[in-house]
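Biologist: I'd like to learn how to read a structure like this one. Could you walk me through it?

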Amino acid sequence: MKRVLIAGASVAGPALAYCLARHEGFQVTVVERAAALRPGGQAVDFRGPGRELLRKIGLDERIRAARTETLGVASVDRDGREISREMAHERGGDGTIAEIEILRGDLAQLMYEETAGTAEYRFGDHIVGLEQTADHVTARFASGLREDYDIVVGADGLRSSLRSLVFGPHDRYLHDLGLLIGFFTAPNHLELDRWALNYTEGGAGGAVVRSIRDNREASVLLAVRGDRRDCDSRDVAGQQAFLRERMGGLGWEIPRLLDMMDASDDFYFDTCSLTRMPVWSAGRVMLLGDAAHCASPTSGQGTNQAFIGAYVLAGELAKSGGEHAAAFDAYERIMRDYVAGNQGVGQENAQRFGSFRDDSEIWIEDHQLSAIRGIQLPDYLAA
Ligand SMILES: Cc1cc2nc3c(=O)[nH]c(=O)nc-3n(C[C@H](O)[C@H](O)[C@H](O)COP(=O)(O)OP(=O)(O)OC[C@H]3O[C@@H](n4cnc5c(N)ncnc54)[C@H](O)[C@@H]3O)c2cc1C
C-alpha cells in the first residue's frame with residue numbers, strides 16, 4: 001500500500017483522491033489549511049477532453065446534475081443595452097460559457113463527498129516541513145504531527161506553500177498577467193434568468209454578472225488592471241478597498257456591485273498569473289493543479305488541467321506500481337504541451353481583456369480551441 005499525502009482540498013486535491021481510489025494500492029490523506037471546505041468562486045468549466053474525462057471516471061451524471069445551466073452571455077454598454085451575445089451551445093459546448101459549468105464551491109463539495117469514504121480529510125492543518133530519505137518522506141504538520149508517506153502532492157493552489165518549501169519562493173515561478181480579479185456571490189438584483197452579462201469600460205475595468213442557484217443569487221466577477229503589489233493575499237478588507245478605489249467611478253452597475261461586495265461572505269481575490277516551472281517534482285514530492293501549472297482564470301482551463309492532471313498522475317502511479325519517479329516523468333511528458341497551450345490562452349485573454357475594449361467579451365476564441373482540446377487522454381481504467 002502506497003501512502004499518499006495531498007495538500008489542498010479544493011479541486012485538484014480531491015480529484016486526485018478520487019482518481020487514486022479508482023486503482024488498487026493507495027492510502028490517501030488530504031490536509032487542508034482552511035478549517036472547512038472553502039465556499040465561493042465563479043463557475044468553472046469542463047471543456048473538450050475534460051468533458052470526456054468526466055465520462056471515463058463516472059462523474060458525468062453527477063456533475064451535469066449540479067451544473068449552472070447558464071444559457072449564454074451578452075455584452076452590454078454603459079446603459080445596459082446589449083451589444084452582442086454568445087450562447088453556451090455554440091462552438092461544440094467549449095466556448096466562453098461552456099456546456100458543463102459548475103460553481104467552484106459546489107464542485108469542491110461534490111468531490112469531497114465523492115472521496116470522504118476512501119480518503120482521510122484533515123482540516124485546519126498544513127505541512128510545515130518535509131524531509132526526504134531514499135524510501136519515504138517525513139511530513140511535519142503545524143499541529144505538531146509527524147508522519148511518513150511514500151508520496152506527497154502539493155495541490156495547494158497558485159500560492160502553494162508546499163512549492164515554496166520544496167522548490168523555492170513564489171517569485172521564481174509566478175508570472176503576473178497584469179490583471180486582478182475579485183469574485184463574490186450577491187443578490188440577483190438584475191433579475192437575470194440563467195444568463196450572464198458582461199460590461200467593460202475602456203481601459204479601466206470590467207464586470208461579469210450571472211444568475212446562479214435557480215436565479216436566486218448572482219455571481220459577480222470584477223476585473224481591474226494591477227499586479228501582486230496591489231494584492232496582499234491575506235487582507236480582504238484591503239483588497240475590497242482597492243477595488244472600490246479603482247472601480248468606484250465606473251459605469252453600468254459597477255457602483256452597486258461594489259456595495260454588494262461589502263455584504264458578501266465568500267469574496268475571493270487574486271492576480272491572474274501563470275505558474276511556470278521547469279520541472280513539477282522533486283524526489284517524492286509532486287505539484288498538481290494551479291500549484292504546478294496555473295494557466296490563469298482568463299484561460300478558463302484551471303479545472304480541466306486539475307482534473308486531467310489528477311487522472312494522469314493517478315493512472316501513471318498505478319501503471320508503475322507506485323514507482324513515483326517513473327510516474328512523475330510520464331506526467332511531465334503527457335501534460336507539458338497541453339499546459340503550454342492553455343497558458344498561451346490565459347496570457348492572450350489577459351492581454352485582450354486587460355485592454356478593456358468593447359469587444360473583449362469573447363474570452364474563448366475559435367483559434368484557441370485546438371489548445372483547449374489539445375490532449376489525448378490515456379486509457380488507464382480499461383478493464
Ligand atoms: C475559494 C476559491 C475560489 C476560487 N474561485 C475561482 C473562480 O471563480 N474562477 C476560477 O477560474 N478559479 C477559481 N479558483 C481557482 C480554481 O479553483 C483553480 O484555478 C483550479 O480549479 C485548480 O484548483 P487547485 O485545486 O489546483 O487550486 P485551488 O482551487 O486554488 O485550491 C487550493 C486549495 O489548497 C488550500 N491550501 C492553501 N495552502 C495550503 C496548505 N499550505 N496546506 C493545505 N492546503 C492549502 C486552499 O485553501 C485551497 O482549498 C478559486 C479557488 C479558491 C480556493
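Biologist: Let's begin with strands. How many bridges join β13 to strand β14, and do they run parallel or antiparallel?

Modeller: Keep in mind that this is a predicted model. To read a pair of strands, look at the bridges and at the directions. Here six bridges join β13 (residues 196-201) to β14 (residues 205-212), and the two run antiparallel. One bridge to look up is Thr200, whose partner in β14 is Gly206.

Biologist: And which way do β4 and β13 run, parallel or antiparallel?

Modeller: Parallel, with three bridges joining β4 (residues 72-76) to β13. Find Val73 and you'll see it stands opposite Ala196 in β13. Now turn to β5: five bridges join β4 to β5, and this pair runs antiparallel. Gly72, for instance, has Met87 in β5 as its bridge partner.

Biologist: In what order do the strands of the open sheet come?

Modeller: To get an order, you step from each strand to its partner. That gives seven strands: β5-β4-β13-β14-β15-β12-β16, with mixed pairing. The edges are β5 (82-87) and β16 (268-275), each pairing on one side only. On average, neighbouring strands here are turned by 20° against each other, ignoring direction.

Biologist: Why is β13 largely enclosed by the rest of the structure?

Modeller: A residue counts as buried when 20 or more other C-beta atoms lie within 10 Å of its own. Five of the six residues of β13 are buried, so the strand is largely enclosed.

Biologist: Which strands does helix α6 lie across?

Modeller: For this, follow the helix axis over the sheet. Helix α6 (residues 236-247) lies across β12, β14, β15 and β16, at about 70° to β15. Helix α7 (residues 254-263) lies across β12, β14 and β15, running at about 80° to β12.

Biologist: What about the core: how many residues has the largest nonpolar one?

Modeller: It has 112 residues, and those with the most contacts inside it include Ile6, Leu16 and Val220. Helix α9 (residues 302-319) gives the most to this core, with 10 residues. Try Val220 yourself: beyond its neighbours within four places in sequence, its contacts include Phe183, Val209 and Leu257.

Biologist: Last one: which residues come nearest the ligand?

Modeller: Of the 32 residues around it, Ser10, Gly41, Gly157, Gly289 and Gly302 come nearest. Elements giving two or more residues to this shell are α1, β2, α8 and α9. Of these, α9 gives the most, with three residues. Sorted by class, the shell has 14 nonpolar, 12 polar and six charged residues.

Technical notes. Residues numbered from 1 in each chain as written. Predicted model: local features only at pLDDT ≥ 70, side-chain atom pairs only at ≥ 80, totals over all residues. Core = buried A, V, L, I, M, F, W, Y, C linked by C-beta atoms within 7 Å. Buried ≥ 20, exposed ≤ 12 C-beta atoms within 10 Å, placed from the backbone. Helix = DSSP H or I, 4+ residues; strand = E, 2+ residues; numbered from the N terminus. Contact = placed C-beta atoms within 7 Å. Near = placed C-beta within 6 Å. Nonpolar A, V, L, I, M, F, W, Y, C, P; charged D, E, K, R; others polar. Pairing = 2+ DSSP bridges. Axes fitted to C-alpha atoms, helices over the stretch in contact; angles between N-to-C directions.
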